[in-house]
Amino acid sequence: MANQPPKLFDKLLSWYCRQIEFEDIQGDLYEVYFQRLAASRWKANWLFALDVLTLFNPFSNRRNRSNWLHELYHFNYKNQLTIAIRNLKKHPVVNPIKIVGLSAAIVAFLYIHDYIRFQNSYDHFHEKKDRIFRVTTAISSAELEEEAAWANGFLKDLLLEVSHGVEHVIRLKRMEQAAQVKVLDQQFRENNLFFSDPELLEVMSYELIEGTVSTVLTQPNSVLLTNQTAIKYFGKTDVLGKSIDINNQTFQVTGVIRDIPKNSDLQFDLVIPFPSENIDWALTYLLLNNKASIENLRSGFPDLVAGYLEDYTNQGINLSYQFENIVDVHFSTPKSFDSPKGNKTQVILFQLIGYIILFISLVNYINLDTSQLVQKARGLGIRKIIGASKTHLFLQFSVHAFLSFGIAALLSFILISVTRAGMRHYTNFLFFDGPPSYKFQGYLLIVFIFLVLSSAFYAMTRFRQPQSMAVSIVRNHKFLLRKGLIGIQFALSFALILATIVIARQIELMHNQALGFNSHEVLCMELSGTSASKTNTDGLKQDLHRISAIQSVSFVGGNSIPGAHIDIDEYFIEQMESPKVVQNIVVDENFLSVLEISLTAGRFFSAALTNESQSSVVVNEAFVKELGWETAESALGKKISGYGLQGEIVGVIQDFYFHSPHQLIQPLILEYTGHGSFAMLKFDATSNLTDVMDQTASVWKNHFPDSPFEYSLLKLDYDQQFKQETAAMKVVGTISVLVIALALLGMYAIMLMIGHFRTKEMGIRKVNGADSLDIFKLFSKEFIGVLSIALATVTPFLWIGFERWLSNYPLRVMLQPGLFMLVATAICLAVFGIIYVQARRSNKANTVDTLKYE
Amino acid sequence: MTTKGKYIGEFEEMVLLTVGILENEAYGISIKHKLEESTHRSVSMGALHSALHRLEEKQYLTSRLGDATKVRGGKRKRFYKVSLLGQQAVSDLMKQRQKLWEAIPATSFSIRWNFES
């Protein structure tokens, strides 16, 4: 029809106008429109539009809005809080479980978050982090493929002179043996002393408390201390110009830096300049200038450096260099001579577990809450009938949720502050302890508010408006979603419990594996850095032997104590065309008796023979096998030569794990030394360790009055190699306990809910003669399917995952289906236990009440 | 309800009186015309409807839907009627005014007598 009001404005009216008055307003407008149409169509259209626009008055809605605000304002919060607290008190078992479960999950989540934050923040404190790169070396030859964290010392000049865009290059190297530091009349042993190029602070952002950046390491006798070291030496930090003796050389303190953040890959206690310009290998960092790109360097560098590597290529060794951004160093693949590295997969896995735990605990919370809502329904229904509005009910639910979540949040913060120190200690894992992240806290607050509101909203949706006086709760007997979630929870618990057990068994296997030597009751002392010489080590040895509890004493060279970073050298062996690279240690005649290693063939070293160190070597069985000799005896007398050595194999010893069973036993050559710098003392297992220690200390004091007596136990040092696995086991173990607790809690919640919803049914069944067992069967039937599907689905993934992890270990436990069955059975038993408890409760309830229910 | 909620504004009072005048014929357009006629000022649709709505909420007006007519595009009219509460309110208001008016001293107003005559 042509004579119609403008459609657009008609639409607009229908959009904003309240339904209840839409019809008559529209009618009025039409009536006026048709009257005006008689005069002018254009004018009528125009006035219609104007009318529609003037009718759009946001304040005509005012009454509605003020209703809402009014309720918010006049809502009796105090009253409602009392009701909420009363509700909490009404269920002295369920409510604490609900809240504790939630706060445990929050604690776990926050810990995991802290750990992840720590791991991801490595070396991010360097201001020039985008431009700092570490140079590492890949070494490959016919026999050896190795990645080293170090780079050749000559690269510095090459990088600075030949390639453009490199602003600074610094090289760092840890002093291999402990340094003897003397401050006034105090003695210290420092294991973490670094040599460095003078530009250290130009590249790295270590905050200098005392001294100036440009001159801090320029003098050959200058030393840079960390805050902690300065306090240790002097008790204060303004110590510029003070002198300290390092290995009998005098150094002057030229700078003190703040302690290096824990989330740094490079950790040192004091730094001195390199003693000479001739640096063989070192950790190498370069700083690019603003304009340069690392890609150019990466592509151009191999050609640049090729000419300088002829010595290596002639020997058949290829070197190539990689450039790693400093922030990526922490998650780079572990290399030799490297500091311990982080594991990205582990970080991601933990993150995932953290979110899953939080999610599960929320689901449990909601399940438990809903089951309580049934009981609250009556009261709420009466409220509704009396005239409580939707807003009112929503507010009431909100107050309730706010109280629960608030208590849970408070509890978790208390838990965290109480357990934090212990947790650090227990897991050996580092947590972020810098300033808190306000972004994260804001995010938590938003999550908190969201949870409160959504939980209240959820409760609203479960609560249906009463049609008459009867009150009802929206229900679905199938609980499909909930059952699915329960299934996920148990699958996760299954996985974590199994993981804990598998890791624990693998560690146990590696610990208890016949290592080939006995690491128990062995005391280690380091003599380097002391005034030890050939003559007084002999005296020391004799004196130590006089201690009755000490059975045997062996002096060995550096890197020769099991678990240490082993040396490798080239050897020319009879009948072999090319030299062979073999691991080697330097020991004395008592090495075998201290470590209880047995001899397979020939003889061991003898102190009585002269020239033993240049003419005799002992090898292990793996060496014999590697060279393809048939028997240990056939190895005897074979000529062998190497650095400072021209002799023959005189003995073969049994294989032992010099390193932990992470690696297969490698071929090993033992050389003789008469003056090792490390002492290993075997003491009687029955003796008192403190007595042994006191006696040893007094002997030590007699011989080295200047040096502090320090010792370590071989067992503890050696077990350091299992640190990663042990930490992983503890963390996974803790999390699995938490997850299984949450899963059982969730199970309990859902059983409670089912119990409530089927109260009447249970009553009828009981009247018809059902006993607890019948009801138990009825309930279990619903869960057997979910549980078996969940466990069956994860099993193959777990099997593959564990196999893959275990394949890293040459010595590994075998996975047994029995273990899987055992854990699965345990979980099923726990679940059925909970079901039985509920079944009993349902059955014990007074039938008169249950039949009258609802 | 608060006293503020029961308060009748000047425009609302006019609308209430006009609805009373129109008796059974009080709906949007007729009220608008009558108002414009008696007060000589133009009344916007929006203002009128929100006043009607407010008065109905305050329970001074009741309404019912009438029959549909063709001229309204098939839409029904909403007829308004002053409720007992509304009548009470208007009469209270008038009495109050009257009292105030009578309390004005003879010497104060010069037009008083003109008005009475």
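**Reading a predicted two-chain model: values and their terms**

Biologist: Why is A:Asp328 called partly exposed?

Modeller: The relative accessible area of A:Asp328 is 45%. Buried requires under 20% and exposed requires over 50%, so A:Asp328, at 45%, is partly exposed. The model is a predicted one, and the percentage is computed from its atoms.

Biologist: Where does A:Asp328 lie, and how far apart are A:Asp328 and A:Asp123 in space?

Modeller: A:Asp328 belongs to the loop between strand E14 (318–325) and H12 of chain A. Its C-alpha atom is 8.6 Å from that of A:Asp123, although 205 residues separate the two in sequence.

Biologist: What makes A:Phe109 count as buried?

Modeller: A:Phe109 has a relative accessibility of 8%. The limit for buried is under 20%, and therefore A:Phe109 counts as buried. This residue is placed in helix H6 of chain A. The C-alpha atoms of A:Phe109 and A:Ile357 are 7.3 Å apart, with their positions 248 residues apart along the chain.

Biologist: Which residues touch the most other members of the largest nonpolar core?

Modeller: They are A:Phe494, A:Ile735, A:Met747 and A:Ile835, in a core of 64 residues. Two or more residues each come from helices H6 (94–120), H12 (344–386), H15 (480–512), H23 (723–757), H25 (772–806) and H26 (817–844) of chain A. The most comes from H23(A), which gives 17 residues.

Biologist: Why is this set called a nonpolar core?

Modeller: Membership requires a buried residue of a listed type, joined to others through side-chain atoms within 4.5 Å. Phe, Ile and Met are among the listed types, so A:Phe494, A:Ile735, A:Met747 and A:Ile835 fit that part of the term.

Biologist: Which stretches of chain A does UniProt annotate as "transmembrane region"?

Modeller: The unreviewed entry gives residues 348–368, 393–418, 438–459, 480–504, 731–755, 783–802 and 814–837 of chain A. Residues 731–755 are 100% helix and 0% strand in the model, with end C-alpha atoms 36 Å apart. Residues 783–802 are likewise 100% helix and 0% strand, and their end C-alpha atoms lie 27 Å apart. A further unreviewed UniProt annotation, "domain: ABC3 transporter permease C-terminal", covers residues 734–846 of chain A. That span is 85% helix and 0% strand, and 41 Å separates its end C-alpha atoms.

Biologist: What does UniProt list for residues 578–694 of chain A?

Modeller: The unreviewed entry lists residues 104–298 and 578–694 under "domain: MacB-like periplasmic core". In the model, residues 578–694 are 21% helix and 35% strand, with 51 Å between the end C-alpha atoms.

Biologist: How is chain A divided into domains?

Modeller: The assignment gives domain 1 (7–56), domain 2 (129–342), domain 3 (345–509 + 723–852) and domain 4 (522–719). The C-alpha centres of domains 1 and 2 of chain A are 82 Å apart.

Biologist: How many cavities does the search find, and which residues line the largest cavity?

Modeller: There are 11 cavities of 30 Å³ or more in the whole structure, and the largest has a volume of about 100 Å³. Its lining includes A:Gln583, A:Asn620, A:Phe656, A:His659 and A:Leu668.

Biologist: How do you know which class each lining residue belongs to?

Modeller: The residue type decides the class. Phe and Leu count as nonpolar, so A:Phe656 and A:Leu668 are nonpolar members of the lining. Gln, Asn and His are on neither the nonpolar nor the charged list, so A:Gln583, A:Asn620 and A:His659 are polar. The full lining divides into 6 nonpolar, 6 polar and no charged residues.

Biologist: Why is B:Glu23 called exposed, and what is its phi near?

Modeller: B:Glu23 has 56% relative accessibility, and the term exposed requires over 50%; therefore B:Glu23 counts as exposed. Its phi is near 50°, a positive value in a residue other than glycine. B:Glu23 sits in the loop between helix H2 (10–22) and helix H3 (28–39) of chain B.

Biologist: What makes A:Asn247 partly exposed?

Modeller: Its relative accessible area is 34%. The class lies between the limits of 20% and 50%, so A:Asn247 is partly exposed. A:Asn247 also has a positive phi, near 45°, and occupies the loop between strands E10 (243–246) and E11 (249–257) of chain A.

Biologist: In what order do the elements of chain B run?

Modeller: From the N terminus, the order is α-α-α-α-β-β-α-α, with 6 helices and 2 strands. Of the 117 residues in chain B, 38% are buried.

Methods
Residues are numbered from 1 along each chain as its sequence is written. Chains are lettered from A and ligands numbered from 1 in the order in which they are written. This is a predicted model: local features need pLDDT of at least 70, side-chain atom pairs count only at pLDDT 80 or more; totals for chains, interfaces and linings use all residues. Side-chain values use heavy atoms; hydrogens and water are left out. On a 1 Å grid over the protein atoms alone, a cavity is a set of points where a 1.4 Å probe fits but cannot get out, and a pocket is an open set with protein on both sides within 12 Å along at least five of seven lines; lining residues have an atom within 4 Å of a point. Grid points are joined across faces, edges and corners, and a volume is the space filled by probe spheres set on the points. Helices (H or I, at least four residues) and strands (E, at least two) are DSSP runs, numbered from the N terminus. Buried means under 20% relative accessible area, exposed over 50%, partly exposed in between (1.4 Å probe, protein chains only). Domain bounds come from an automatic or database domain assignment. UniProt positions are given in the numbering used here, feature names are shortened, and annotations may be inferred rather than shown by experiment.
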